[in-house]
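Visitor: Could you take me through one part of this model up close? I'd like to start with a backbone oddity in a loop, and then see what else is worth a look.

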Amino acid sequence: MKRKTYCIVGCGSRAQSFIHAIYAENADAAELLALCDTNHARMEYHNSEIVCRYHAQALPAYDASEFDRMLLTHRPDCVLVVSMDRTHHQYICRAMELGFDVITEKPMTIDTEKCRMILNAVRSSGKELRVAFNYRYIPRNTRVKELLQSGILGTVRTVHFEWLLDTSHGADYFRRWHRDKKNSGGLLVHKASHHFDLVNWWLESYPDTVYAQGDLAFYGRENAEARGVKQFYHRCKNNKIAAKDPWALHVTPEDTALNGLYFGKPEEEDGYFRDLSVFSQGISIEDNMALLVRYHSGALMTYSLNAFSPYEGYRICFTGTRGRLEVHAVDRAFLLADQIDNAAFNLPGAESEISQRGESLIPELIYQPQWGRPRIITYEKAKGGHEGCDPLLFRHLFRGADDDPRHLCAGYVDGVRSIMTGIAGNRSIATGSPVRLSELIPEWDFLDGSNKQKN
């Protein structure tokens with residue numbers, strides 16, 4: 001196999017996964033040529049902590065203003081775009097204009113205007129654009145795809161999808177750049193693009209109409225004041241109030257990646273603070289959202305996303321003309337805060353099994369035929385990041401996928417269709433009205449839906 005070459009733009013935390021995947025797992029198939037970022041200290045960290053662990057010398061590091069020079073100097077086979085969401089479009093479009101294929105982290109971009117710029121760049125350049133949707137590769141989700149493809153539900157008519165982010169993971173979006181909708185498109189775009197892509201992929205369809213409601217219901221200063229909070233702070237580092245706050249980001253010297261990428265030299269260079277208070281001012285994204293979506297297949301979906309749940313996971317129910325499939329996934333059953341007397345809230349008697357084991361007592365996959373007894377569906381789990389899906393995703397990205405019967409590889413059309421559900425949701429929240437996707441992108445129904453990728 002001929003090794004393909006890559007340059008990467010964006011050297012934050014997600015870039016670690018891409019760089020590590022190349023050196024530790026796919027070095028015989030992929031070669032990284034150069035790094036590019038707005039922050040030189042972050043590139044230094046990746047060079048010293050990851051690249052030099054596997055490689056004899058550090059990679060060339062380019063400022064973001066030197067993006068063109070990096071590509072024209074190194075001539076990679078493909079460009080990896082892992083920068084802040086609002087900048088994805090500029091690197092994707094410019095790379096394709098210069099004649100390079102692109103792999104981008106999700107979400108592909110954050111609004112309709114940038115989405116159309118990417119569509120025009122794909123069509124005018126003829127280059128390939130792939131999107132790194134790792135959730136398709138989670139064995140549980142792939143098993144759902146197999147079940148739906150088998151036809152055991154008949155035609156799916158209803159999808160109920162509930163996604164819960166807990167008070168650690170969910171709160172973290174409100175500490176960093178994602179808290180500004182101009183950077184991330186809000187959680188309906190940044191986070192939920194994963195979920196909307198799954199439903200599009202599962203149903204082999206795409207949205208027609210979206211109606212949404214949402215608000216900032218828990219985080220932010222006004223909400224905290226309404227609950228009686230009286231002490232506030234801007235950021236967590238070196239703050240006496242934050243030291244006693246279970247909502248704060250408590251970074252220790254052992255957190256080498258956080259310290260190396262965001263504290264000390266990196267923050268001195270660009271003034272970006274990774275540890276803002278979730279109850280400070282300046283938050284413009286929602287933390288509580290609900291959507292009603294009609295698909296071209298005729299299916300209806302009710303979707304909800306909550307970012308301050310006491311546990312993390314998701315529940316999905318498909319009801320079809322022949323039966324029902326339920327998905328129950330618990331990523332984290334509970335969290336404890338040292339400063340809170342949790343014993344004061346315990347019910348009398350012994351602790352339940354769920355609090356001891358930290359997992360759901362409900363089977364993960366349950367199939368209920370229209371007539372007859374329900375059945376528990378099993379599947380083979382995998383090891384690795386994000387429930388084993390990251391190694392599988394990177395294998396396809398860096399080695400190709402000659403045989404992909406489940407259409408795991410995501411192309412630019414998948415990227416468009418995933419983000420446009422959230423973008424339409426944002427528009428609906430702002431206007432209070434349903435939004436037809438064809439109103440946002442006139443050629444919506446005529447996009448080429450092929451998932452075939454180059455290898």
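Guide: Sure, let's begin in the loop between α10 (192-203) and β8 (207-215), which is where you'll find glutamate 204. Keep in mind as you look that this is a predicted model. Glutamate 204 isn't a glycine, yet its phi is positive, at about 55°. That's a bit out of the ordinary, because most residues other than glycine have a negative phi, and most peptide bonds are trans. As for its surroundings, glutamate 204 has a relative accessible area of 55%, so it counts as exposed.

Now hop along to histidine 407, in the loop between α16 (385-399) and β15 (410-411). Here again phi is positive in a residue other than glycine, with a value near 55°. Histidine 407 has a relative accessible area of 37%, so this one is partly exposed.

There's a peptide bond to check too. Going from lysine 106 to proline 107, the bond is cis, with omega near -10°. Proline 107 sits in the loop between β5 (101-105) and α5 (112-125).

To finish, swing round to a helix pair. Helix α1 (residues 13-25) packs with helix α2 (residues 40-54) at an angle of about 15°, and their axes are 9 Å apart. Since angles under 35 degrees count as roughly parallel, that makes α1 roughly parallel to α2. Their crossing is right-handed. On the α1 side, the contact uses Ala15, Gln16, Ile19, His20, Tyr23 and Ala24, and these meet Tyr45, His46, Ile50, Val51 and Tyr54 in α2. Sorted by type, the residues of this contact are eight nonpolar, three polar and no charged.

Key:
Residues numbered from 1 in each chain as written. Predicted model: local features only at pLDDT ≥ 70, side-chain atom pairs only at ≥ 80, totals over all residues. Heavy atoms only, no water. Axes fitted to C-alpha atoms, helices over the stretch in contact; angles between N-to-C directions. Helix = DSSP H or I, 4+ residues; strand = E, 2+ residues; numbered from the N terminus. Parallel < 35°, antiparallel > 145°, perpendicular 65-115°, else oblique. Left-handed = near helix turned anticlockwise from the far one by under 90°. Contact = heavy atoms within 4.5 Å. Nonpolar A, V, L, I, M, F, W, Y, C, P; charged D, E, K, R; others polar. Buried < 20%, exposed > 50% of the residue type's maximum accessible area, 1.4 Å probe, protein only.
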